Amino acid sequence: MRDWLIGLGLAVACLLASWALLVLLARRLPPGILRDLAAFIPDCLTTVRRLRKDPRVPRRAKVAIVFAGLWVASPIDLIPEFLPVIGPLDDIVVVALALRYAGRRVPRQVLLDAWPGEPRLLLRLLGPAPAGAAATGAEPADR
């Protein structure tokens, strides 16, 4: 039993050390697409937290956003996280789909206010604004 605990402790220590190294390397990235990608998931989690509490967000959009947040936080993934480069791919796809869904039901300014990162990334993810929303300033309702 003692050997198992030592092995588990070493595995956890290696995992935490690798995360610390990745955070350190991500902070040293020059501005550009790589830095934007490294910040994407933390920005998405912050956006999920902010939109979940916003009263202007319809219930269905909140459910999609919370589902995406739980998916990212869940240790069970379709693609294991330890695989380099493609590990977080399923998280990114689920969050992107949830934000696009919310983007059709929530005013863009609410999403932009909740997004802590570079606004151009969110605007690119959401795609062009619906034609009716551009003229009226409102998004389609969903209740």
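User: Which residues make the nonpolar surface patch of about 960 Å²?

Analyst: This is a predicted model, where local features need pLDDT of at least 70, side-chain atom pairs count only at pLDDT 80 or more, and totals for chains, interfaces and linings use all residues. Residues are numbered from 1 along each chain as its sequence is written, and side-chain values use heavy atoms, leaving out hydrogens and water. To join a patch, a residue needs over 30% relative accessible area and no salt bridge (Lys or Arg side-chain nitrogen within 4 Å of an Asp or Glu carboxyl oxygen), with nonpolar side chains (Val, Leu, Ile, Met, Phe, Trp, Tyr) joined within 5 Å. Here they are Met-1, Trp-4, Leu-5, Leu-8, Val-12, Leu-15, Leu-16 and Trp-19.

User: Why does Leu-16 count as partly exposed?

Analyst: Leu-16 sits in helix α1, residues 2-27. Buried means under 20% relative accessible area (1.4 Å probe, protein chains only), exposed over 50%, and partly exposed in between. Leu-16 gets that label because its relative accessibility is 47%.

User: Which residues of α3 are buried, and what arc do they cover?

Analyst: The buried ones in α3 are Ala-61, Ala-64, Ile-65, Ala-68, Gly-69 and Val-72. They lie on the same side of α3, because their arc around the axis (directions from the axis to the C-beta atoms) is only 135°.

User: And which residues are exposed on the other side of α3?

Analyst: Helix α3 covers residues 59-73. Opposite its buried side, the exposed ones are Arg-59, Arg-60, Val-63, Leu-70 and Ala-73.

How values were computed
Patch = residues over 30% accessible without salt bridge, like charges linked within 9 Å, V, L, I, M, F, W, Y side chains within 5 Å. Areas by Shrake-Rupley, 256 points an atom, 1.4 Å probe, with all protein chains shown as cover. Helix = DSSP H or I, 4+ residues; strand = E, 2+ residues; numbered from the N terminus. Expected span 1.5 Å × (residues − 1).
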